[in-house]
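Let's work through a couple of exercises together. Take a moment to look over the sequence and the model before you start.

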Amino acid sequence: MTSIPAQEIRELLESKGYSSAAYLLAALEDVQAYGGVLDDEALAAVAAHFRLPEAKVRALVADCTEAFRSASAPELRICLGPVCRNAGSEALLEKAGNAAASSHCMGACDHAPVAKLNGKLIAEATPEDLGL
């Protein structure tokens, strides 16, 4: 996905009547829905529109991770606990590349390697199970 030009973001927010920081959360949701992602440029444009420090906008996004997770990118976490490492989780993580994040032990060692895909535990995970 590519960045939305700042001017388009400004026009979107103005068309919605978002004039004060009270609308910040709704504005972020609309920008994400419009462009599919909240990247650095989008966050900077939203901060500029509301005349807020970018750090304040980033802090809100960090606090509301669920609300701003990209719909186009499934959340994939691969366990790197010792048992899962011995069962091949590092190879899964390497194969996933930027599509996955590592995780501490998920507590399902009897079914290693394990992963979570969109919150669902995948036991004895294979690349195929994870869409890799």
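**Exercise 1: The core around Ile 9**

Find the residues that Ile 9 touches, leaving out those up to four places away in sequence.

*Solution.* Keep in mind that this is a predicted model. Start at Ile 9 and list its partners: Ile 4, Val 31, Ala 42, Ala 45 and Val 46. Next, zoom out to the largest nonpolar core, which has 19 residues. Ile 9 is among those with the most contacts inside that core, along with Leu 13, Leu 28, Val 31, Val 46 and Phe 50. Now ask which elements give two or more residues to this core: they are α1 (6–15), α2 (24–35), α3 (40–50) and α4 (54–63). Of these, α3 gives the most, with six residues. Finally, look for a second, separate core: it has eleven residues, including Leu 76, Leu 92, Ala 115 and Ile 122.

**Exercise 2: Reading the sheet**

Work out the order of the four strands in the open sheet, and why one side of β2 and of β4 has no neighbour there.

*Solution.* Step one: trace the order, β2-β1-β3-β4, with mixed pairing. Step two: check the edges, where β2 (101–103) and β4 (120–122) each have a single partner strand, so one side of each is left without a neighbour in the sheet. Step three: compare directions; neighbouring strands are turned by 30° against each other on average, direction ignored.

Step four: pick one pair. β3 (residues 115–117) and β4 run antiparallel, paired over three bridges, and Ala 115 stands opposite Ile 122 in β4. To finish, add helix α7 (residues 89–96), which lies across β1 (76–79) and β2 and runs at about 155° to β1.

Key: Residues numbered from 1 in each chain as written. Predicted model: local features only at pLDDT ≥ 70, side-chain atom pairs only at ≥ 80, totals over all residues. Heavy atoms only, no water. Core = buried A, V, L, I, M, F, W, Y, C linked by side-chain atoms within 4.5 Å. Buried < 20%, exposed > 50% of the residue type's maximum accessible area, 1.4 Å probe, protein only. Contact = heavy atoms within 4.5 Å. Pairing = 2+ DSSP bridges. Axes fitted to C-alpha atoms, helices over the stretch in contact; angles between N-to-C directions.
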